[in-house]
Amino acid sequence: MSQAIKWILYICCISIGILLFSKIWIRVVIYKYSKIPTNRNIISEMFAGMILNMTVTQNIMIMSCPGILTDNFNPQTSTIQLSKNVYGQASIMAVAIAAHEVGHAIQHEEGYAGLKAQRITNPLTGLGIITTSILVLIALFTRDNTIINIAITLISITILTRAMLLPVEYDASRRALNVMSESGLFTKYELEYAHRVLRAAAFTYIASLFDVVLKVIIVMLALLLAGSNKKKT
């Protein structure tokens, strides 16, 4: 086994470890703070609606959506969708997640450049993953260096676009904590708990990034092994 392949295997193991730890930690934090109600029994969508009325001129509808941690803001339909464990709930977790989506709505209202870039790159990311998968399969059969280079380039672009999500999400969480604090409805302990929830939620994007990195490592390993087998033959 070559030194390059050994290093890739080491990095692969580390990436798997980080990915698993992130997913477990996120679920533990989300579960913990979903069981702690707000002192004033504030319902997530009610708080979100109140903040939207004060900060956003556009009429945004708040609705529920299926799934867990599938919460999102859609500027095209002017909707904030809250997942089933957030919508209608009065927990610290629910209010913090709802406030985070309001943070995205405020970004949109202010013309935040990072959010605009995210909306453009999101479809490209999905297309890049599909195209890369097809190219990798072709490369494994043909051993064509040009196709391999194109696949690696597309993978690198995919990682870059995923990484671009991080500052956008961090900014939305910062705005969420600000509106929660400025509302005067939460204690300092509740704000600290909300901070922990949003920090864990941000890790979903870090985990997503490592997921892509892991796929890259697997692709590189497959290509290296294919190249190694070709030399032997």
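## Pairing within the sheet

In this predicted model, F73 has I80 as its bridge partner in β3, and this pair belongs to an antiparallel pairing in which β2 and β3 are joined over three bridges. The two strands form a hairpin with four residues between them, and within that hairpin S78 adopts a positive phi near 55°.

On the other side of the pairing scheme, β1 and strand β3 (residues 79–83) run parallel and are joined by five bridges. Two residue pairs illustrate this register: M61 stands opposite T79 in β3, and M63 stands opposite Q81 in β3.

## Sheet order and edges

Taken as a whole, the sheet is open and has three strands, arranged in the order β1-β3-β2 with mixed pairing. The edge positions are held by β1 (61–65) and β2 (72–74), each of which has a single partner strand, so that one side of each is left without a neighbour in the sheet. From one strand to the next, the twist averages 25°.

As for solvent exposure, β3 is mostly covered, with four of its five residues buried. Helix α2 lies across β1 and β3, and its direction makes an angle of about 155° with β1. Since angles over 145 degrees count as roughly antiparallel, the value of about 155° places α2 roughly antiparallel to β1.

## Packing of α2 against α6

Besides lying across β1 and β3, α2 takes part in a helix-helix contact: helix α2 (residues 44–55) packs with helix α6 (residues 165–183) at an angle of about 90°, and the two axes are 11 Å apart. That angle makes α2 roughly perpendicular to α6. The residues that make the contact are F47, M50 and I51 on the α2 side, and V179, M180 and S183 on the α6 side. Sorted by class, the contact of α2 with α6 comprises five nonpolar residues and one polar residue, with no charged residues.

## R175 in helix α6

Helix α6 also contains R175, which counts as buried because its relative accessibility is 13%, a value that falls under the 20% cut-off for burial. The side chain of R175 makes a polar contact with the side chain of E110, at 2.9 Å. When residues up to four places away in sequence are not counted, R175 touches G103, I106, Q107, E110 and Y112, so E110 appears both in this list of contacts and as the partner in the polar contact.

## Overall composition

The secondary structure of the protein consists of seven helices and three strands, and, read from the N terminus on, the elements follow one another as α-α-β-β-β-α-α-α-α-α. Of the 233 residues in the protein, 40% are buried. Among contacts between residues at least 6 apart in sequence, 71% join residues that are at least 24 apart; the contacts of R175 with residues such as G103 and I106, and the contact between α2 and α6, are examples of elements or residues meeting across the chain.

Notes: Residues numbered from 1 in each chain as written. Predicted model: local features only at pLDDT ≥ 70, side-chain atom pairs only at ≥ 80, totals over all residues. Heavy atoms only, no water. Axes fitted to C-alpha atoms, helices over the stretch in contact; angles between N-to-C directions. Parallel < 35°, antiparallel > 145°, perpendicular 65-115°, else oblique. Contact = heavy atoms within 4.5 Å. Nonpolar A, V, L, I, M, F, W, Y, C, P; charged D, E, K, R; others polar. Buried < 20%, exposed > 50% of the residue type's maximum accessible area, 1.4 Å probe, protein only. Polar contact = N/O pair within 3.5 Å; in protein donor to acceptor, adjacent residues only side chain to side chain. Pairing = 2+ DSSP bridges.
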